[in-house]
Amino acid sequence: MTLALHNTLTRRLEPFQPLAPPRVTLYTCGPTVWNYAHIGNFRTFLFEDLLRRYLEFSGYDVFHIMNLTDVDDRTIKAAAAAGKRLEEHTAPFVEAFFADCDYLRIRKAHVYPRATQSVPAMVRLVQRLLDAGVAYRGEDGSVYFAIAKFPSYGRLSQLDRREIKIGARVASDEYAKDDPRDFALWKRADPIDERVGAAWDAPFGRGRPGWHLECSAMSLDQIGKCCRVETLDIHAGGVDLIFPHHEDEIAQSEAATGQPFARYWLHGEFLKVGGTKMSKRFGNFLTARDLREQSVDAAAVRLLFSQTHYRRALDFSDEALAAAGQGVKRLGEFRDRLVRAGGPATPDGRLAALAARFESDFRAALDDDLNAPRACAALFELVHDGNGALDAGAAGGAVARDALDRAMAVLDVLPTPRAVEPGFAGWVDERIAARDKARGAKDFREADRIRAELKAKGVEIEDTPSGTKWRMV
RNA sequence: GGCGCCGUAGCCAAGUGGUAAGGCAGAGGUCUGCAAAACCUCUAUUCGUCGGUUCGAUUCCGACCGGCGCCUCCA
C-alpha cells in the first residue's frame with residue numbers, strides 16, 4: 001500500500017513519490033495576519049495538519065514551511081485605518097494565530113517565514129525575472145510578470161479552457177500593463193505604504209512585494225537553504241488559491257528557475273455556513289477563539305473536520321459540532337476502558353485481532369487521498385467491536401490502546417483532559433464516598449441527592465464493578 | 001457568459017458497475033436500586049428528477065431541477 005494524492009495539476013489521483021525520499025518538502029500557504037483567522041481558514045490548516053501528520057506517520061521526513069503574509073493590500077489598509085505601523089498592527093494577530101493553532105493541536109511548521117522579513121529574497125526573484133526578460137517595468141513604476149512569455153500559464157486552473165469575462169471590471173493598474181492578465185510582482189510604493197512602513201528599496205524602484213511573489217520567494221528561499229532544490233514536493237492551500245494565486249506562483253517560480261515549482265498541488269475545500277462559504281466578507285464566520293470561549297473541545301472540531309473529506313465542502317453547524325463532541329466523548333470513554341482492561345490478553349486474542357484490522361483499515365483509508373472519514377469509520381468500528389469484546393470479558397487492552405494511540409498521532413481526536421483543582425477533586429471523592437455509604441445502606445434518596453449535587457458542579461458519575469468513576473462534563 | 005463542484009436516512013457523511021460504511025439523534029431490550037457507560041435489535045428495497053448504455057447503475061452517459069464555488073481580496 002502506498003499513499004496516493006489528488007494532484008490539482010492533473011486532476012487525478014497519483015501515487016505519491018517525493019523527489020528525494022524520505023525527505024518531503026511541504027509548503028502550505030499560511031494566514032494573512034490582517035485580522036483573526038476564522039475556522040474556515042482553519043479547516044484548511046487542519047487539512048494540512050492531517051497531511052503533515054500522515055506523511056510523518058508513513059515514515060517521511062517532512063520539512064514543513066508555512067508562511068505568514070504580513071504585508072498585502074488588506075494588511076496595509078487595516079494598519080492605515082488603525083493608524084499603526086504594519087508590524088504593530090500584525091503582531092497581535094500573529095500571536096493569536098499561534099495560540100489558535102495550539103488550541104486546535106495543529107503541529108508546528110518547521111519554519112514560518114514572514115513576508116516582511118523575506119524582502120531580500122523577493123527582490124532577488126524579481127531581478128531574476130527581469131534579467132530573464134519575463135518581467136517588465138510598467139508605466140506606473142510597478143514591475144509586472146509578462147504572461148505572454150510563459151506559454152504554459154493557466155495549466156493549474158485550466159485557464160486555457162476558460163474565457164476571461166470581458167468588461168466585468170477594469171483594474172486600476174490596467175493601463176500600465178502590456179496585457180490585462182499580467183500581474184504585479186512589485187508594486188510601486190504609494191504614500192499610504194510609506195506611512196505604515198510597507199515600502200522597501202529595490203534596484204527597480206521603491207515598493208512592496210505583490211502577494212503572489214511572497215510565496216514563491218519564501219518557498220524557494222527555504223527549500224534552497226535546507227535542501228538545495230528548487231522544486232517543492234507538495235504545495236497545499238485552499239481551493240480559492242488555485243487561481244490566480246497558485247497559477248501566478250507557478251509562472252514566477254518556473255520562469256525564474258526553469259524547474260517544476262511543485263510536484264503535487266493539494267487544495268482543501270471550503271467550510272460553509274448555511275450553504276454559503278464562510279468568509280469575513282459575508283460576516284458569517286466564527287473564530288477559533290470564539291469556540292474556545294464557548295469551551296468547545298478542540299477535539300470535537302478536529303473530529304468534525306475529519307469526518308468530511310478534505311476535497312468536499314463541509315457545512316458547519318452547532319448541531320454537527322455537538323454531534324462530533326459526542327463522538328469524542330465516546331472515544332475517550334473507550335480509551336479509559338482499555339487502560340483499565342489490563343492484564344494478559346485473553347487466549348482468543350480478540351482485542352489484538354481487532355487492533356490489527358483497525359490499523360490496516362486506517363492506513364488503507366488515509367493512503368487513499370487522505371480519506372479521513374473512512375479512517376474515522378474504522379476507528380469507531382474498533383470502539384464498537386472493542387467494547388463488545390470487553391463486555392464479553394476480553395482482557396489485555398494494551399494492544400488495542402497502542403493501536404489507538406498510534407492512530408491518534410494522526411487524527412488527534414481524544415478529549416482534551418480537563419484540569420481539575422486538587423481541592424475540588426478531593427471534595428468530589430468525599431462526596432462519592434458519602435454516596436457509596438448511602439447506597440450501601442440502601443438510602444437511595446440520599447445517594448441520588450448527592451449525585452444531583454455533583455451534577456450541579458459539572459461532575460458526571462458512573463457506577464462500575466470496580467467502583468464509581470467520575471468526569472467533568 | 002466561461003470553468004468546476006455538489007445533491008445518499010431526522011441531521012452530518014463514506015462508498016461501489018452487482019445490490020448502501022461510520023458518527024449524531026430516535027424507538028425497544030439487556031445490565032443497573034435508579035442512572036450512566038456499554039452491548040443487542042430496529043430506523044434509506046433506496047442514493048435530486050427524467051431518459052440512455054448494460055444481464056445489472058446510486059455508481060457510466062445525456063438532459064433537466066436545486067444548491068455552491070472560482071473567474072476580483074480570499075483558506
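Start by selecting N41 and RNA strand B: an N or O atom in the N41 side chain is 3.4 Å from a sugar or linking oxygen of the strand. That is a polar contact, meaning a pair of N or O atoms within 3.5 Å. This is a predicted model, where local features need pLDDT of at least 70, side-chain atom pairs count only at pLDDT 80 or more, and totals for chains, interfaces and linings use all residues. Residues are numbered from 1 along each chain as its sequence is written, chains are lettered from A in the order in which they are written, and side-chain values use heavy atoms, without hydrogens and water.

Next, pick R74, which has a polar side-chain atom 3.2 Å from a sugar or linking oxygen of RNA strand B. Then try D391, where the corresponding distance from a side-chain N or O atom is 2.5 Å.

Now widen the view to the residues near the RNA (a heavy atom within 4 Å of it). W211, G238, L241, M278 and R451 come nearest of the 53 residues around RNA strand B. Colour helix 12 (residues 372-391), which gives the most to this surface, with nine residues. Helices here are DSSP runs of H or I with at least four residues.

Finally, visit two backbone spots. Select S295, in the loop between helix 8 (288-293) and helix 9 (298-306), whose phi is near 60°. S295 is exposed, with a relative accessible area of 61% (exposed means over 50%, buried under 20%, with a 1.4 Å probe and protein chains only). L370 has phi near 50° and is buried, at 1%.

Notes:
A polar contact is a pair of N or O atoms within 3.5 Å; within protein, one must be able to donate a hydrogen and the other to accept it, and residues adjacent in sequence count only if both atoms are side-chain atoms.
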